[in-house]
Amino acid sequence: MELGLIGLGRMGANMAVRLLQGGHRVVVYNRTFAKAQELAAEHGAVAAATLEELVAALQPPRVVWLMLPAGQATDEHLDLVVPLLSQGDTVVDGANNNYKVSIAHGEQLAARGLKFMDAGVSGGIWGLQVGYCTMVGGDTDTFTQIEPLLKTLAPPDGYLHCGPHGAGHFVKMIHNGIEYGMMQAYAEGFEILEKSRYDFDLQKISHLWNQGSVVRSWLLELAELAFAEDADLSGLRGYVADSGEGRWTVQEAIDLDVPAPIITLALQTRFRSRQADSFSAKVLAALRNQFGGHAVKKAE
């Protein structure tokens, strides 16, 4: 197949390379044209300096895949590229967009005679090597049309048509919510090990647990790599951002009356990581001092 790929960040560029290695023709566009030129020179992509060039370089019916940050960046590029497309062309949104936004995008593009697919893509910077697990929402005919691309991007059994518009991003949202909880459990376990009386080698324990244990996982492989680079993680600050999907998962759980305490607490713990000295903790210390005379530590 051929497709136009908009957005050559860490994932987008590697996806382009994987598709090119799979024999597809890939026309690439990035706000920084040098990135597109680099992919053209090193991997055989077709570099487009403008969105108009990208669309003109594709044969109808076209497939244009956006790999941009969710929200404003994706919306702005949709507004720019959609008027350039023809009836029957397909737009795939690979951002971590809210599924409700993807439902709206599907309806908006359908009104213009365009097809739309939302694709939740997991694999991060390792996707080029091991493949991208891809969760897709949209109609069945369009899914079949882009399936050769999905087969190339994903590892064996690594892609799924999850349902109509929004379903792909919904499944990816829950995937990321689960990821929050798993990561938090590992983080707490390793902190207990690190604080114990024993001088544990956390890299070796990470490796050990991946040899047939119940808690083995890819996240644990990544923990092993992290401890190999910095045994006590002293080079890192304990500040943890969130991309939004954990919040959406918690909100969806509230809306559906589903108890999700683990994912919710994992999200809240990320918020706490961004406070060097939270006001609520100061209130707790002050109250303990007032009712029990418990010692407090004075601010420096």
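## Surface and overall build

The accessible surface of the chain comes to about 16,700 Å², and carbon and sulfur atoms hold 56% of it. Keep in mind that this is a predicted model. The chain has 300 residues, and 42% of them count as buried. Laid along its principal axes, the C-alpha trace spans about 75 × 40 × 40 Å.

As for secondary structure, the chain carries 13 helices and eight strands. Contacts reach well along the sequence: if you take those with a separation of 6 or more, 64% are between residues 24 or more positions apart.

## The nonpolar cores

In soluble globular proteins, nonpolar side chains tend to be buried together. Here the largest nonpolar core gathers 30 residues, and Leu 5, Val 26, Val 28, Leu 39 and Trp 65 have the most contacts inside it. Who supplies this core with two or more residues? On the strand side, β1 (2-6), β2 (25-29), β4 (63-66) and β6 (115-122) do, and on the helix side, α1 (10-21), α2 (33-43) and α7 (140-153). The largest share, six residues, is the work of α1.

There's also a second core, separate from that one, with 20 residues; Tyr 29, Leu 54, Leu 58 and Val 64 are among them. Val 28, back in the largest core, is a good residue to click on. Leaving aside residues up to four places away in sequence, Val 28 touches Leu 5, Leu 8, Ala 16, Ala 36, Leu 39, Ala 45, Val 46, Ala 47, Ala 48 and Leu 54. Two of those names have come up already: Leu 5 and Leu 39 are listed with Val 28 for the most contacts inside the largest core, while Leu 54 belongs to the second core.

## Salt bridges

How many salt bridges does the structure hold? The count is five. One of the pairs is Glu 2 with Arg 25, whose side chains meet at 2.7 Å, N to O. This pair links distant parts of the chain, with Glu 2 in strand β1 and Arg 25 in strand β2, 23 residues apart. Arg 25 counts as partly exposed, at 34% relative accessibility. Next comes Arg 62 with Asp 89, where the closest N and O atoms are 2.8 Å apart. Here the link runs between loops: Arg 62 is in the one between α3 (51-56) and β4, and Asp 89 is in the one between α4 (72-81) and β5 (90-93), 27 residues apart. Arg 62 and Asp 89 are buried.

Further along, Lys 172 and Glu 245 bring their side chains together in a salt bridge of 3.6 Å, N to O. Lys 172 sits in helix α8 (residues 167-195) and Glu 245 in helix α11 (residues 245-255), so this bridge ties together parts that are 73 residues apart in sequence. Are Lys 172 and Glu 245 buried or exposed? Both of them are buried. Finally, Asp 242, Arg 247 and Arg 274 are joined into one network by salt bridges that share partners.

## Cysteines without a bond

The disulfide count is zero. Why is there no bond between Cys 133 and Cys 162? The sulfur of Cys 162 is too far for a bond, because the closest cysteine sulfur, in Cys 133, is 8.6 Å away; the cut-off for a disulfide is within 2.5 Å.

Both cysteines land in the middle class of exposure. Cys 133 counts as partly exposed at 36% relative accessibility, and Cys 162 counts as partly exposed at 27%.

## A nonpolar patch and a buried loop residue

Not every nonpolar side chain in the model ends up inside. Ile 125, Trp 126, Val 130, Trp 218 and Leu 225 form a nonpolar patch on the surface, with about 470 Å² of accessible area together. Within the patch, Trp 126 belongs to the loop between β6 and α6 (127-130), and its 31% relative accessibility makes it partly exposed.

Asn 210 is another loop residue, found between α9 (202-209) and α10 (218-229). Asn 210 is buried, with a relative accessible area of 15%. What does Asn 210 touch, not counting residues up to four places away in sequence? Its contacts are Arg 216, Ser 217, Leu 220 and Glu 221.

Methods
Residues are numbered from 1 along each chain as its sequence is written. This is a predicted model: local features need pLDDT of at least 70, side-chain atom pairs count only at pLDDT 80 or more; totals for chains, interfaces and linings use all residues. Side-chain values use heavy atoms; hydrogens and water are left out. A nonpolar core is a set of buried Ala, Val, Leu, Ile, Met, Phe, Trp, Tyr and Cys residues joined through side-chain atoms within 4.5 Å. Buried means under 20% relative accessible area, exposed over 50%, partly exposed in between (1.4 Å probe, protein chains only). Helices (H or I, at least four residues) and strands (E, at least two) are DSSP runs, numbered from the N terminus. Contact means heavy atoms within 4.5 Å. Patches are made of residues with over 30% relative accessible area and no salt bridge: like charges are joined within 9 Å, nonpolar side chains (Val, Leu, Ile, Met, Phe, Trp, Tyr) within 5 Å. Accessible areas come from the Shrake-Rupley method with a 1.4 Å probe; for residues, only the protein chains shown count as cover. A salt bridge is a side-chain nitrogen of Lys or Arg within 4 Å of a carboxyl oxygen of Asp or Glu.
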